[in-house]
Amino acid sequence: MTATASPTAGTSAGVDPYAIPGHLVPPGSDPVLRLQGIEKYFGDHHVLRGCNLEVYPRETVCLIGRSGSGKSTLLRCTNFLEEPTVGSVEVDGLRVEADPLHNRNRAYREQIRQIRLRAQMVFQEFNLFPHRRVIDNLIEGPIRVKGVPRDQAIATAEKYLDKVGLREKRDEYPARLSGGQKQRVAIARALTMEPKVLLFDEPTSALDPTLVGEVIAVMEGLAHEGATMIVVTHEMQFAREAADRVYFIQEGSFVEAGPPEQVLDSPRDPRTQAFLQRFLSALPPGAPPDTDAPLA
């Protein structure tokens with residue numbers, strides 16, 4: 001079992017007080033991702049309030065919380081899809097300071113491009129090119145962004161289509177796929193870029209409930225194989241099964257974090273307890289606690 005820490009410990013220095021390496025982390029490893037003092041404003045709305053997060057290689061970290069708590073914004077700040085107002089992002093040794101008034105010169109844009117290469121996002125809505133075959137969706141990034149030769153990109157893409165169980169769909173168009181298949185293709189597309197960290201923004205929320213399981217199975221497989229992942233989710237069973245740590249975020253701050261058996265089964269903070277009680281009470285009668293039911 002992973003130890004837990006006080007939420008105030010070390011935060012003044014931009015250190016994640018909960019970050020204790022998981023069981024798959026190679027001995028002596030440094031964090032592959034560090035978020036330090038991340039603040040985000042949308043106008044006068046203070047969305048993120050000094051978030052510190054460290055993730056080690058081969059860890060899976062889950063972010064949970066109510067809609068509007070800031071968890072997706074934090075994920076999007078990780079690869080600068082949203083520009084942090086204050087703080088820094090470091091992925092695989094590349095550190096970029098938040099500077100929303102920056103003039104975005106070539107050097108700064110290149111830093112952000114490199115962060116995005118290292119931290120690939122899997123979105124809620126798949127974002128596949130509808131006019132391109134599955135295989136073409138997968139090889140577009142490696143060829144155009146990384147300069148990978150076409151034959152090599154195809155071989156890598158086919159390897160990851162095998163991993164998500166969709167090799168036979170390589171020549172199909174997205175319109176001919178189910179929602180679950182589209183999301184598995186999106187996961188394979190992110191893997192084909194071979195990033196250091198995978199970022200999942202509620203990857204099952206747009207799916208029919210009958211299709212959630214196939215996506216969760218792929219993600220659990222990746223977690224057990226040692227992929228490094230940050231997952232924003234309402235899938236509590238996935239968090240319980242796959243996460244090294246679960247972070248509960250409320251009003252832009254981490255309230256409680258630790259191993260899933262502590263945060264999900266025996267939460268210590270009254271706010272975490274209230275969230276989980278409310279979440280479970282919102283489930284339809286007879287539904288398992290991993291159903292991605294909307295919170296009231």
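Helices and strands are read here as DSSP runs, with at least four residues for a helix and at least two for a strand, numbered from the N terminus. With that in hand, we can take a friendly walk through this structure, which is a predicted model.

**Two loop residues with positive phi**

Let us begin with Arg58, found in the loop between β2 (45-55) and β3 (60-64). Most residues other than glycine have a negative phi. Arg58 has a positive one, near 75 degrees, and is not a glycine. Its relative accessibility is 32%, which lies between the 20% and 50% cut-offs, so Arg58 counts as partly exposed.

Phe126 also has a positive phi, of about 75 degrees, although it is not a glycine. This residue sits in the loop between β6 and α3. Is Phe126 buried or exposed? At 12% relative accessibility Phe126 counts as buried, because buried means under 20%.

**The largest pocket**

Next comes open space. Rolling a probe the size of a water molecule over the atoms shows where empty space is left. The largest pocket has a volume of about 460 Å³. Its lining is made of 20 residues, and those nearest its centre are Arg116, Gln120, Gly141, Val145 and Met193.

Which elements each supply at least two residues of this lining? They are the helices α2 (106-118), α3 (134-144) and α5 (179-192), together with the strand β6 (119-122). The largest share comes from α3, with four residues. By residue type, the lining of the largest pocket divides into 11 nonpolar, five polar and four charged residues.

**Salt bridges across the chain**

Charged side chains pair up in many places: the model holds 21 salt bridges when nitrogen and oxygen must lie within 4 Å. Three of them are set out below.

| Salt bridge | N to O distance |
|---|---|
| Arg118 and Asp92 | 4.0 Å |
| Lys163 and Glu225 | 2.8 Å |
| Arg184 and Glu214 | 3.0 Å |

Take the pair Arg118 and Asp92, whose side chains meet at 4.0 Å. Arg118 lies in helix α2 and Asp92 in the loop between β4 (86-91) and β5 (94-97), so this salt bridge ties together parts that are 26 residues apart in sequence. Asp92 has a relative accessibility of 36% and counts as partly exposed.

In the second pair, the side chains of Lys163 and Glu225 meet at 2.8 Å. Because Lys163 belongs to helix α4 (residues 150-163) and Glu225 to helix α6 (residues 212-225), the pair ties together parts that are 62 residues apart in sequence. How exposed are these two partners? Lys163 is partly exposed at 37% relative accessibility, and Glu225 is partly exposed as well, with a relative accessible area of 47%.

Helix α6 returns in the salt bridge between Arg184 and Glu214, where the closest N and O atoms are 3.0 Å apart. This pair links distant parts of the chain, with Arg184 in helix α5 and Glu214 in helix α6, 30 residues apart. Arg184 is buried, with a relative accessible area of 12%, whereas Glu214, at 25%, counts as partly exposed.

Some charged residues join in a wider arrangement. Arg133, Asp136, Glu158, Asp162, Arg167, Arg170 and Asp171 are linked in a network of salt bridges.

**Glu110 and Thr233**

Back in helix α2 we find Glu110. Its side chain makes a polar contact of 2.8 Å with the side chain of Gln114. Glu110 counts as partly exposed, at 32% relative accessibility. Measuring by C-alpha atoms would be one way to place it: Glu110 and Leu138 are 22 Å apart in space and 28 residues apart in sequence.

Our last stop is Thr233, in the loop between β8 (229-232) and α7 (236-242). Thr233 is buried, with a relative accessible area of 3%. Which backbone nitrogen does the side chain of Thr233 reach? That of Glu235, at 2.7 Å. Leaving aside neighbours within four places in sequence, Thr233 is in contact with Cys62, Leu63, Ile64 and Glu202.

Key
Residues are numbered from 1 along each chain as its sequence is written. This is a predicted model: local features need pLDDT of at least 70, side-chain atom pairs count only at pLDDT 80 or more; totals for chains, interfaces and linings use all residues. Side-chain values use heavy atoms; hydrogens and water are left out. On a 1 Å grid over the protein atoms alone, a cavity is a set of points where a 1.4 Å probe fits but cannot get out, and a pocket is an open set with protein on both sides within 12 Å along at least five of seven lines; lining residues have an atom within 4 Å of a point. Grid points are joined across faces, edges and corners, and a volume is the space filled by probe spheres set on the points. Ala, Val, Leu, Ile, Met, Phe, Trp, Tyr, Cys and Pro count as nonpolar, Asp, Glu, Lys and Arg as charged, and the others, Gly among them, as polar. Buried means under 20% relative accessible area, exposed over 50%, partly exposed in between (1.4 Å probe, protein chains only). A polar contact is a pair of N or O atoms within 3.5 Å; within protein, one must be able to donate a hydrogen and the other to accept it, and residues adjacent in sequence count only if both atoms are side-chain atoms. Contact means heavy atoms within 4.5 Å.
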